[in-house]
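Biologist: I am new to this structure and would like a close look at a single part of it, namely its aromatic rings. Please take me through them slowly, one pair after another.

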Amino acid sequence: MSVPDQVLSNYDLEKRGDTSDEWIRTRTGIQERRIAGESTTTSTLGTQAALNALRDAGISPQAVDVIVCATTSGDYVWPSTACLIQQGIGASHICAFDVAAACSGFVYALDLGAQYIESGRAETVLVVGADTLTKQLNWEDRSTCVLFGDGAAAVMLRPCNPDEGLLATSLGADGGGAELIWVPAGGTKTPISQCVLDKKLNTIQMRGPEVYKFAVKVMGEVAIDALSRCGLTGADVDLLVPHQANIRIIQSAAERMGLCPDRVFVNVERYGNTSAASVPIALSEAVEAGRIQRGDIVVLVGFGAGLTWGANVIRWNRDESGHTKAESTTKDLE
Ligand code: ACO
């Protein structure tokens, strides 16, 4: 994983006025988030995360066959962030492209990356989730600006036995909810103009309570559906790694799946919602904290703009005994 050094706490936001640490903490669980400075972009964070994943896996950049980057805040409208990461890590001139499914992006991209391997089209796939949504925020809109943070994380996929690795995925989308959370302008329908800038239509607009209701319904449902596709239930889950948007949404998903708090990984308090980076950052920290061992059933689950949602069920097949167990700063779900 890779996150910017700069920390923005709820108290910092409180000083800017119109919000409070108490409101943010009790409604969302967030205490602080990381903010990318001017020279830090989605591709620089994604490249660093990719280099970290390559190092951790002991794989050289030249061995990578495909790069899939989940993002909706690329450095440019185009080219893709995956192409910039390909250049940044010094990989060969391989296939590289982005997946846009907002906060569900990593769950979508992981499924796609695994399909390259299952079909025999690739041996080594790099899947990155990277976003810098704080650059798309209206800092005067307290209902959105307190929620998001920046970051990236990456995984390396290799072939494995059929009963290990990615066992099943369930994905969904509903374009009827496109306007519940979106950046209305800056695309080809409404290009940037003075009017767009004056109305701040190039920033994130969200109907929070409606997104909340959607998320609470879909998170548990899609995770249960993905589990049923490989003959498992909530009782089989060793660790749920959910999209870190709001602690209350995570709690309701866990309840729906019948999971006790020690089977749910939470770090929303330190990063806020990092969109496509949220699930892989949580996965990376869970591994570092010794919360995942070989043979464990791990469920990744996300929801986001689109509307989109999805879950992956994984039987972890890497020996994590080399990772330090004790040094965890992550908190369990309470
Ligand atoms: N500080 C203080 N007060 C605030 C703030 C703030 N930062 N933001 C809103 N309020 C006020 C509102 O103005 C409102 O005041 P009013 O009652 O006087 O009108 C009051 O707090 C309650 O506002 P609600 O929006 O009803 O608060 P709610 O309890 O629904 O919580 C929240 C809002 C946290 C945004 C919640 O709706 C939520 O988490 N929704 C899901 C958001 C989400 O997950 N988005 C990410 C999607 S993923 C992606 O693709 C990027």
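**Aromatic pairs**

Modeller: A search of the whole structure, which is a predicted model, finds three aromatic pairs. In one of them, F97 and Y116, the ring centres lie 6.5 Å apart and the planes meet at 45°, an angle that is neither under 30 degrees nor over 60, so the pair counts as tilted. This pair links distant parts of the chain, since F97 belongs to strand β4 (residues 95–99) while Y116 belongs to helix α5 (residues 105–118), 19 residues apart. As for their surroundings, F97 has a relative accessibility of 24% and therefore counts as partly exposed, whereas Y116, with a relative accessible area of 19%, is buried because the cut-off for that word is under 20%.

Another pair is made by F214 and F303, whose ring centres are 6.1 Å apart and whose planes stand at 80°, so this pair is edge-to-face. Because F214 lies in helix α8 (residues 208–228) and F303 in strand β12 (residues 297–304), the pair ties together parts that are 89 residues apart in sequence. Both F214 and F303 are buried, and together with W309 they form one aromatic cluster.

Finally, there is a contact of another kind to look at, between a charge and a ring: the charged end of R16 sits over the ring of W139, at 5.0 Å from the centre of that ring.

How values were computed:
Residues numbered from 1 in each chain as written. Predicted model: local features only at pLDDT ≥ 70, side-chain atom pairs only at ≥ 80, totals over all residues. Heavy atoms only, no water. Phe/Tyr/Trp six-rings, centres within 6.5 Å; stacked < 30°, edge-to-face > 60°. Helix = DSSP H or I, 4+ residues; strand = E, 2+ residues; numbered from the N terminus. Buried < 20%, exposed > 50% of the residue type's maximum accessible area, 1.4 Å probe, protein only. Lys NZ or Arg CZ within 6 Å of the ring centre and 35° of its normal.
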